[in-house]
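Please look over the sequence and the structure shown below before reading on. The report that follows begins with a single residue and then widens its view to the rest of the chain.

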Amino acid sequence: MSTHEKSHGGTKDCSVVEELLSPFIDDELNPEADGFVRRHLDSCQRCTAKLDEIKATVDAIAALPTEATPEEDLWPGIVTGAEESEIALPLAARGRQRRKWGNPMLWAAGLAALLIPASLATVGLLRSNAHDEPAVATGYSWDTGADEFDADALADAIRMATEIASEVAAGAAEAAAHAAEIALEEQEHRRQSTLSVGALMDALQDEDAEIRSMAAHALGELDDSRAVAALSAALLNDPVAEVRKSAAWALGEIESAAGVDALSAALLNDESSEVRKMAAWALGEIESPQGVDALGAALVNDHSEEVRGMAVWALGEIEDLRAVGPLAAALRGANSVEVSRQAAWALGEIESPEAVDALTSVLDSPDTETRRMAVWALGEIESPRAVAALIQLLNDPDNETREMAVWALGEIESAEATLPLTAVLLNDPAPELRAKAAWALGEIEDPRAGDALAKAMKDENSEVRRMAIWALGEIGG
């Protein structure tokens, strides 16, 4: 088929074009979409006909009259007719006025009263068109263009409004019934939940320790704050460690600050390291600053590495500045390599400049993972005081540590790092480091990096070239 012949049937593009016709008429399409529609219309008679229909409708609407001078106010007659119609009967039967719209039928009747004038406007417009005379409304006064108002038109309008109101009332009644059903279900759920919580709290006193432990676990699953007091008592007083551990876990699941005091006491005093570890975890889940002092003390004094490690994690979750001192001590101390790594992470989560000295002090740690975590934390804190120490790490023998240092310098965005980073960009044997250095220079936006980035545009690695182009755009912008 030539480009001058239009197809009569639909094509796979017709459904797309039909969706775009209205914005096409209003000149709201971007150039690509506009061109797509025009090319399709050149070859599709069906969509061209659809376009003509829409244009004709728009023109017809635009031609409707917009002004008139009403000769009389018909609203009193409309009100009288509405009061005598079926939709007014339910209101009259009530014998009192109500301002609330909770009843669907009352709401629908009110809607009908609003719809009657609109329906009259429609009928009047149709009748005026039949007489080639304008029919418009201002307020509630109507000029039908005839000597007398047609009673049939009023009846049709009331009937139309009544039908619409009936449909609305049916939908509103169905929605109200559904809402009532949901409310009853929620009420029953709360009743059952109350019974369950009460029964399980009673089970915390069972003579069988396994049942007590299971009850504590179940209360945690229910996640109901009404159980906090009973679980706190079990945590502090039950003679069996497994029950106390389950109670600590449940308090962490409920996440209520009301359980912090009991958990703090268990963390510092319980004889079982498993219970203390679980108490530290629960404090991290609750994330209340009330638990910081106990966690800091456990980090310094607890003889269990697992408990200290969990205390570090919890302090990182709470992100309270008071934790910086204990975490810095743990980072520098000889607790364990694992605790030092976790302390570096927690300090990065807190993001306090007060931690910079402690973090830079471990950048020469023999443990590679500790160095990496400290570098990450310094990048999170973004303090210029860390720049000099991070520049030294650009010569670290570990590629991942060097890459992390480049990233951290880019996060800090200090011009002090520009020249060392250009050296990495031009000389480092690892392409991923060269690309990361280009990114960091783009973040810093120091014009002194322009020459090095221009040279990097000829790098043998495509990612380095792309990142150099991006960075030059950032500096130029």
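## A serine in helix α11

In this predicted model, S264 lies in helix α11, which covers residues 260-269. Its relative accessibility is 12%, and S264 therefore counts as buried, since the cut-off for that word is under 20%. Leaving out residues up to four places away in sequence, S264 touches L283, Q290, G291 and A294. Between S264 and R276 there are 9.0 Å from C-alpha to C-alpha, while in sequence the two are twelve residues apart.

Another serine, S288, is found in the loop between α12 and α13. With a relative accessible area of 9%, S288 is buried. Residues up to four places away in sequence again being left out, S288 touches V260, L283 and I318. L283 is thus named among the contacts of S264 and also among those of S288.

## The chain as a whole

The protein chain holds 24 helices and two strands. Of its 477 residues, 43% are buried. Its accessible surface comes to about 25800 Å², and carbon and sulfur atoms account for 51% of that area.

How much of the contact pattern comes from residues 24 or more positions apart? Among the contacts in the protein chain with a separation of 6 or more, such pairs account for 66%.

## Nonpolar cores

As a general background, nonpolar side chains tend to be buried together in soluble globular proteins. In this model, the largest nonpolar core has 101 residues, and the members that touch the most other members are L231, L327 and L359. Apart from this core lies another one, of twelve residues, which include V17, L20, L29 and C47.

Which residues does L359 contact, once its neighbours within four places in sequence are left aside? The contacts of L359 are L331, A344, L347, A374, A377, L378 and I381.

## Salt bridges

Side chains of opposite charge can pair when their charged atoms come close. The structure holds 21 salt bridges, and one of them joins the side chains of E274 and K245, with 3.4 Å from N to O. E274 lies in helix α12 (residues 273-286) and K245 in helix α10 (residues 241-254), so this pair ties together parts of the chain that are 29 residues apart in sequence. E274 is partly exposed, with a relative accessible area of 36%, and K245 also counts as partly exposed, at 23% relative accessibility.

A salt bridge is also formed by the side chains of D293 and R322, at 3.5 Å from N to O. This pair links distant parts of the chain, 29 residues apart, with D293 in helix α13 (residues 292-301) and R322 in the loop between α14 (305-318) and α15 (324-332). Is D293 buried or exposed? D293 has a relative accessible area of 54%, and because the cut-off for exposed is over 50%, it counts as exposed; its partner R322, with a relative accessible area of 42%, is partly exposed.

## A further bridge and a network

In a further salt bridge, the side chains of R385 and D357 meet at 3.0 Å from N to O. Here too distant parts of the chain are linked, 28 residues apart: R385 is in the loop between α18 (368-381) and α19 (387-392), whereas D357 is in helix α17 (residues 356-360). R385 is partly exposed, with a relative accessible area of 48%, and D357 counts as partly exposed at 45% relative accessibility. Elsewhere, E369, R372, D398 and E400 are joined into one network by salt bridges that share partners.

## Rings and backbone angles

The count of aromatic pairs comes to zero. A charge does sit over a ring, however, in the case of K436, whose charged end is 5.8 Å from the centre of the ring of W439.

Most residues other than glycine have a negative phi. E319, although not a glycine, has a positive phi, near 60 degrees; E319 is in the loop between α14 and α15 and is partly exposed, with a relative accessible area of 43%. E445 is likewise not a glycine and has a positive phi of about 60 degrees. The place of E445 is in the loop between α22 (431-444) and α23 (450-456), and with a relative accessible area of 40% E445 is partly exposed.

Terms used. Residues are numbered from 1 along each chain as its sequence is written. This is a predicted model: local features need pLDDT of at least 70, side-chain atom pairs count only at pLDDT 80 or more; totals for chains, interfaces and linings use all residues. Side-chain values use heavy atoms; hydrogens and water are left out. A nonpolar core is a set of buried Ala, Val, Leu, Ile, Met, Phe, Trp, Tyr and Cys residues joined through side-chain atoms within 4.5 Å. Buried means under 20% relative accessible area, exposed over 50%, partly exposed in between (1.4 Å probe, protein chains only). Contact means heavy atoms within 4.5 Å. Rings of Phe, Tyr and Trp (its six-membered ring) pair if their centres lie within 6.5 Å; planes under 30 degrees apart count as stacked, over 60 as edge-to-face and the rest as tilted. A charge sits over a ring if NZ of Lys or CZ of Arg is within 6 Å of the ring centre and within 35 degrees of the ring normal. Helices (H or I, at least four residues) and strands (E, at least two) are DSSP runs, numbered from the N terminus. Accessible areas come from the Shrake-Rupley method with a 1.4 Å probe; for residues, only the protein chains shown count as cover. A salt bridge is a side-chain nitrogen of Lys or Arg within 4 Å of a carboxyl oxygen of Asp or Glu.
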